[in-house]
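Trainee: Can we go through how the labels on this one get assigned? I'd like the reasoning behind each.

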Amino acid sequence: MGIKNETIISSVNGIYPELVIIRHQIHRNPELSFKEYETSRLIQSELSKLDIEFKVLSETGVIATIGQGDKCVALRADIDALPMSEETNCDFASINPDIMHACGHDMHTTMLIGAAKVLKKHESELNGTVKLIFQPGEEKLPGGASLMIREGALANPAPSAIFGQHVNPGEKLGTISLADGYIMGSADELYWTINGKGAHAAQPHLGADPILAASHLITNLQSLITKFRNPLNPGVLALTAINGGTATNIIPEKVELKGTFRSFDNEWRYLMIEKIRKFSVGICNLYDCTCSFDPILGYPPLSNDSSSTNIAKETAEKIFGGTNVLSWEPKMWAEDFAYYAQQIPSTFWFLGVMPMNLQVMPGLHNPKFLPGDEALILGTSMLVAVASNYLDKKIAEDKSTST
Ligand SMILES: [Zn+2]
Ligand SMILES: [Zn+2]
């Protein structure tokens, strides 16, 4: 039943040189979110070479299916890069100015192409259908996942679970980290404009000082986290930019603030956004200023389903070896994979990419971030194995309920 693990590992090792070439090509030609035209073309041409039919969604997204039958499981990779300049000095560094694959999506895309090659080769051994989702725009709101879902990525056929992965510079190559329950937070962008009344600094009574209003607002907002949050429920409110004023003797007309709010609890998240609004307007009014608070709601919190995560864990133990399967500690980063998780059972795991001889490496979104090619082998193998294993389990479940 399904594709044997030894077969998967030897097949992936067999295509490793091809995967390295593909990874270098994608890394060398990074494209910004929702503009991944060349990357999308490369994916389409690799699928065509394998005689896999595909559909283009959301301009640069690609979906395809391998295998047959009603049972369906999805695998997802994000394909976009970041607006930053690469400083790795590697021989396949970005040739596109100020664009870089600094979040490892070149790795994710290559691994899913690798999975397509192995799954297609062993198509007849699959107990169902594997849907591949190559998704644009993970790094930019509203998130490619939400657009792909709106355009039907989870329909016809409808997968009953979805798996995705992210490279993890925080753990060693050869490890995988996963956990069920909440693993990443929501991420809302917060913007304030506080309007006062400009005046000579020596005549404050003729003006309304937006800097003083902003100062009180910033310190008061922190009390929302301590007094309007269940202490057992994590949350973070960070103000990260403050701009206003030009000289020592002028009370400015306005101050602008920026920040982020993150949590694992969608319900509390929306209550907090309204509390922040109420505090912002109320505190600014005390100082005769007005406040416009304009949040942009970002990705929801990401929660792994326990039954699909058990299947992923069991698979990981076979592919990585039991001691290399680590427990993921939840982080307040965000991932638009959360949109799939809101629709169907899902599991997202983290693939260690830190070289064995290092204790630390440049992190995600760092201009020197460069995971080694070797991680392609385990990442690709895990995708194939989890899909095959999931379909086997589904068949077994159906047999046991029908007898
Ligand atoms: Zn990123
Ligand atoms: Zn990423």
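Mentor: Sure. Start with pairing: two strands pair if DSSP finds at least two bridges between them. Keep in mind that this is a predicted model.

Trainee: So how do you know that β5 and strand β16 pair?

Mentor: Count the bridges: β5 and β16, residues 346-354, have eight, in the parallel sense. The cut-off is at least two. Within that pairing, H166 stands opposite F350 in β16.

Trainee: What makes strand β3 and β5 a pair?

Mentor: Again it's the bridges: β3 (residues 72-78) and β5 share three, also in the parallel sense, and at least two are needed. Here A74 stands opposite I162 in β5.

Trainee: Why is strand β5 called largely enclosed?

Mentor: A residue is buried if 20 or more other C-beta atoms lie within 10 Å of its own. Eight of the eleven residues of β5, residues 162-172, are buried, so the strand is largely enclosed by the rest of the structure.

Trainee: On to the helices. Why is α2 called roughly parallel to α3?

Mentor: The axes of α2 (residues 37-49) and α3 (residues 105-121) come within 10 Å and cross at roughly 15°. Angles under 35 degrees count as roughly parallel, so α2 is roughly parallel to α3. Their crossing is right-handed.

Trainee: Which residues make the contact?

Mentor: T39, I43, E46 and L47 of α2 meet T109, I113 and A116 of α3. By kind, the residues of this contact are four nonpolar, two polar and one charged.

Definitions and conventions
Residues numbered from 1 in each chain as written. Chains lettered and ligands numbered in written order. Predicted model: local features only at pLDDT ≥ 70, side-chain atom pairs only at ≥ 80, totals over all residues. Buried ≥ 20, exposed ≤ 12 C-beta atoms within 10 Å, placed from the backbone. Helix = DSSP H or I, 4+ residues; strand = E, 2+ residues; numbered from the N terminus. Axes fitted to C-alpha atoms, helices over the stretch in contact; angles between N-to-C directions. Parallel < 35°, antiparallel > 145°, perpendicular 65-115°, else oblique. Left-handed = near helix turned anticlockwise from the far one by under 90°. Contact = placed C-beta atoms within 7 Å. Nonpolar A, V, L, I, M, F, W, Y, C, P; charged D, E, K, R; others polar.
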